[in-house]
Amino acid sequence: MWHRRFLVASALAIFAAGSISATETLVSNQEEFRDAVARAGPGDVIVLANGVWRDFEILFAGNGEPERPITLTAETKGQVVISGQSNLRLAGSHLVVSGLVFRDGYTPTSTVISFRRTKGEPANYSRVTETVIDRFNNPERHEIDFWVLMFGRHNRFDHNHVEGKGNLGVTMAVRLDGEENQRNHHHIDHNYFGPRPILGSNGGETLRIGTSHYSMTDSLTVVENNVFDRCDGELEIISNKSGGNVFRGNLFLESRGTLTMRHGNNAVIEDNVFLGNGVPNTGGIRVINKGHVVRNNYLHGLTGYRFGAAFTVMNGVPDSPLNRYHQVEDVLMENNSIIQCDYIEMAGGSDEERSATPIDSVFRSNLVFNRDGNNVIRVHDDIGGIAFEGNAANAVDDLPVKSGFSNAPIEMRQADNGLWYPVGADLASIGVRADLKVLDVDATGVAWYPKPGSSQATPPTIRVTPGEDALFDAAKRAEAGSILELAPGDYRVRKTIVIDRPLTIRAGQGRGTVRLEFERPALFELDDGGRLELSGLEISGAASPDMSGNSVIRTSRYSMTSNYGLVVDDCLVSDLDVNYLFNFFLVAKNTFADEIRITRSEFSDITGSVIALSRETDDLGRYNGEEISVVDSRFSNIGGAVFDIYRGGTDESTFGPRLELRSSVLDSVGHNARNKTAASIRLLGVQLADIHDNDFIDSRPIRVTHTVGDPITRIANNRFTGTPEPIVGEIGAP
Ligand code: CA
C-alpha cells in the first residue's frame with residue numbers, strides 16, 4: 001500500500017516535470033539493479049527494495065540532465081542497508097543517490113563512496129544526500145581507506161550522517177588530481193559528521209580538501225552548515241589543502257582538533273561556531289599560507305594548545321617546499337570572539353626551520369575574553385607583521401600585544417542565540433555579529449537515523465552471587481552499560497570473560513568482600529566496543545596457569561577499530577607471580593585506549609608490568625593510549641615497569657599520550673632481569689607527563705625520552721629513597 005502511494009507520488013512529480021519517458025524501477029537483487037542502471041535515462045528512478053544488501057559493489061553510471069537526474073534511492077529511506085564488502089561509485093552526470101545506509105561491513109576497495117568510476121571517469125553535477133555511513137570500518141585499524149572521495153566538478157554531498165570511522169584514513173576528501181577534478185565548485189553542506197574516535201596516528205582527519213601536491217590549485221569547494229560532533233581522530237578536524245575554499249556556518253562540538261589551513265591560499269572561514277565545553281584538546285582555527293579571511297567566528301571553551309589551540313597563527317618555512325609550512329601573508333582576521341579559551345598562539349611553531357614570521361596581516365576587532373583576566377595569548381616570535389587594531393581583552397595584566405587592544409574590564413551577556421557578547425555600545429562592533437546563527441544539529445544529517453547521545457537509558461544493575469560460571473554468564477548476558485554487582489564470596493573464573501560492551505563490575509559490599517581468581521591466561525579480554533570498570537575487587541593470579549604472558553586484563557590480540565576504556569578503582573591485585581612474566585594489563589598492536597584510570601588501588605607481587613602501552617614500535621607517530629592516570633595507589637614488588645608508554649617518530653598530528661601519576665607509592669619496582677625498560681616508569685614520546693607527590697622506594701629510575709613537539713614533563717615533589725634520580729633526555733642524545 002505504502003509502496004503504491006510512493007509510486008503515484010513519483011509519477012506525479014515526473015508528470016509535473018513534463019517528462020514523457022521517465023520510469024521508476026523497483027529492484028530487489030544486484031542483477032536487476034545492473035539491468036536498471038544500463039537502461040536508465042534522464043528522469044528515471046531506480047529504487048532498491050528494503051532489506052539488507054550484502055556484498056554489493058554499486059556502480060551507478062549514467063547521464064541525466066539538469067532538472068532530470070537519474071536517481072538511485074531506497075524503497076524506504078533508512079531501510080536499505082548496504083553491508084558486508086560493499087561500496088558505491090558514481091560516474092557520469094546529473095546523478096542523485098539518497099536514502100542508503102552503509103553499516104556492518106567495509107569496502108574491499110580504498111573507498112566507500114567515490115564520485116568516479118576510475119581515473120578519468122568522474123561524476124559531475126551529481127549528488128549524494130540522506131545517506132548514512134556508520135562504523136563501516138576495515139577491521140584492520142591501520143589499513144587505510146576513505147569513506148567519501150569527491151572527484152569531478154559541481155557535485156554535492158549534503159544531509160548525510162557519517163559516524164565512527166575507526167581505521168586509518170581521512171573520513172572524507174576532495175581530490176584535485178587531474179584537470180577534470182580541479183576548480184570543482186563542490187558543495188558539502190548540512191551533513192552530520194558524528195564522533196570519530198582518537199586514531200592515535202596521522203590520517204584521522206574528518207575532512208580534507210586537496211593534497212599538498214595540488215595545494216596551489218583552486219578547489220572552490222564550499223563547506224557550510226555542517227556539524228562536526230566529537231571529531232577527535234587527530235589534530236586536524238578539517239585539513240584545507242587547496243585554494244579558494246569557503247568554510248561557513250559550521251558547528252564544531254567538543255571536537256579535539258582544529259580547522260587547519262594546512263596548504264593553499266585564499267580561504268574564507270566565517271560564521272563558524274566552535275564549542276569546546278572544556279574538553280581536553282578542543283581547538284579552533286589554525287592559520288597557515290596567504291590570502292585568507294577569518295571573520296565572525298565564535299570560539300568558546302576550547303582548551304587546546306600549540307597547534308591545537310583555539311586560534312593559531314603559524315610561522316612558515318622560508319622558501320618552503322609544498323609539503324612544509326608556507327608563511328602567513330595577507331590574512332585578515334576580524335570580528336572573531338575567543339571566549340574562555342586557554343590558548344591563542346601567535347607565530348606558532350617557531351623554530352629553526354619555521355622562522356618565517358607572519359606578514360602583511362591584520363588582526364582587527366576581535367574579542368578575547370577570559371573571566372579571570374588571565375593572559376592566553378602566547379607570542380613565539382616577531383609578530384610585527386600583524387597589525388593589531390581595535391581588539392578588546394578583559395583587563396589582562398600582562399597582555400603581550402601592547403597596542404591594538406582595549407584592556408578594560410568587560411561585562412558579558414548571553415544573547416538569545418546562546419552566544420556571549422560584550423555589554424556596552426563601545427564594544428558593539430567587537431567580536432561576532434549579533435545575528436550570528438548557531439547551526440541547529442537537527443537541520444543536519446537525516447531525521448530517520450538517530451544521532452549518538454540523544455537517548456541514554458539508566459543502566460540496569462545485575463546482582464551476581466558466587467557459583468560456577470556465575471560471573472562469566474552474567475557478563476555474557478549483560479546489556480551495554482550494565483553494572484554487575486557481586487555478592488560477597490570467592491569467584492573462580494574458568495573462562496576468559498570477553499568485554500565487548502561497556503560494563504562495570506563491582507563488589508556490592510565494598511573492598512574485601514569479593515575475591516576473584518581465574519584459570520585462563522587472562523581474566524578479562526577487551527574487544528571492539530568494550531569498556532571495563534572494576535571497583536572494590538580483590539583479584540589474585542594464584543590459580544592462573546604457569547604461562548608466560550598471562551594478564552588480568554588484555555585487549556583483543558587482533559586489531560581493534562573501537563577505542564576502549566579501563567577504570568580500576570579501589571581494587572587489590574596480587575599474586576601475579578606464578579610465572580616470570582605475568583602482567584596486570586597487556587595490549588596488542590593496533591589497539592587504542594581512550595582512557596586508563598587507576599585510583600585507590602594496590603598492586604603487589606607482579607612479575608611483569610602493570611600498564612604497558614608499547615606495542616606501536618614502528619616509529620610512525622602511533623601509540624596505544626591517549627590518557628593514562630594513576631592516583632592514590634600503591635605498587636609493591638613489581639618486576640617490570642608500572643608504566644611503559646611508547647610513541648616513536650616525529651609526526652606532529654596527534655595530542656597524546658598524556659600521563660598523570662600522583663600521590664602514589666612505588667616500592668621495589670622494576671627489578672626483574674627481564675624488564676627491558678630498566679625503569680620503574682618508562683615514557684618515550686609522551687606529550688604531557690605529570691608525576692608528582694609520589695614515593696619511590698628501592699625502585700629503578702623514571703626514564704623519560706622526548707621525541708617531538710613541545711612535550712611537557714613535570715616531575716615534582718616526589719621522594720626518591722634507594723631510587724636513582726629521574727633520567728630525562730631528548731631522543732638521540734647520548
Ligand atoms: Ca593530519
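Me: Buried means under 20% relative accessible area, exposed means over 50%, and partly exposed lies in between (1.4 Å probe, protein chains only). By this rule, why is Asn202 called partly exposed?

Reply: The model is a predicted one, in which local features need pLDDT of at least 70, side-chain atom pairs count only at pLDDT 80 or more, and totals for chains, interfaces and linings use all residues. Residues are numbered from 1 along each chain as its sequence is written, and side-chain values use heavy atoms, with hydrogens and water left out. Asn202 has a relative accessible area of 31%. That value is neither under 20% nor over 50%, so Asn202 is partly exposed.

Me: Why is Glu236 called buried?

Reply: Its relative accessible area is 7%. This is under 20%, so Glu236 is buried.

Me: What makes Asn202 a donor of the calcium ion?

Reply: Donors are N, O and S atoms within 2.8 Å of the metal (3.2 Å for Na, K and Ca); water is not among the atoms, so sites may look incomplete. Asn202 contributes OD1, while Glu205, Glu234 (listed twice) and Glu236 contribute OE, and these protein donors lie 2.3 to 2.7 Å from the calcium ion. Those distances are within 3.2 Å, so the atoms count as donors. Along the chain, the donors follow the spacing N-x2-E-x28-E-x1-E.

Me: Why is the pair Asn202 and Glu236 said to tie parts together?

Reply: Asn202 is in the loop between β19 (192-193) and β20 (207-210), and Glu236 is in strand β23 (residues 236-241), so the pair ties together parts that are 34 residues apart in sequence. The strand and helix names refer to DSSP runs numbered from the N terminus: helices are H or I with at least four residues, and strands are E with at least two.

Me: How do you know that Gly99 is buried, and what is in contact with it?

Reply: The relative accessibility of Gly99 is 0%, so the residue counts as buried. Gly99 is placed in the loop between β8 (95-98) and β9 (100-106). Contact means heavy atoms within 4.5 Å. With neighbours within four places in sequence set aside, the contacts of Gly99 are Ala74, Lys77, Gly78, Val80, Thr129, Glu130, Thr131 and Trp448.

Me: What places His94 on the buried or the exposed side of the rule?

Reply: At 16% relative accessibility, His94 counts as buried. The loop between β7 (87-93) and β8 holds His94. Among the residues that His94 touches, not counting those up to four places away in sequence, are Pro66, Ile70 and Tyr125.

Me: Why are the buried residues of helix α2 said to be on the same side?

Reply: Helix α2 (residues 30-39) has Phe33, Ala36 and Val37 as its buried residues. They cover an arc of only 100° around the axis, which puts them on the same side of α2; the arc is that of the directions from the helix axis to the C-beta atoms. An α-helix has 3.6 residues a turn, so residues three or four places apart point the same way. The buried residues of α2 pack against β1 (24-27), β2 (45-48), β4 (57-63) and β5 (70-74). On the face turned away from this buried side are the exposed residues Glu31, Ala38 and Arg39.

Me: What makes β57 and β60 a pair?

Reply: Two strands pair if DSSP finds at least two bridges between them. Strand β57 (residues 593-599) and strand β60 (residues 625-631) have six bridges in the parallel sense, and Arg597 has Ser629 in β60 as its bridge partner. Six bridges satisfy the requirement of at least two, so these strands pair.

Me: Why are β44 and β69 said to stand at the edges of their sheet?

Reply: The open sheet has 10 strands in the order β44-β45-β48-β51-β54-β57-β60-β63-β66-β69, with parallel pairing. Each of β44 and β69 (712-716) has a single partner strand, so one side of each is left without a neighbour in the sheet. Neighbouring strands are turned by 10° against each other on average, direction ignored.

Me: What makes a set of residues a nonpolar core, and which have the most contacts inside the largest one?

Reply: A nonpolar core is a set of buried Ala, Val, Leu, Ile, Met, Phe, Trp, Tyr and Cys residues joined through side-chain atoms within 4.5 Å. The largest such core has 80 residues, and those with the most contacts inside it are Leu48, Phe60, Ile113 and Phe311. Apart from it lies another core, of 66 residues, including Ala475, Ile638, Phe643 and Leu683.

Technical notes:
Axes fitted to C-alpha atoms, helices over the stretch in contact; angles between N-to-C directions.
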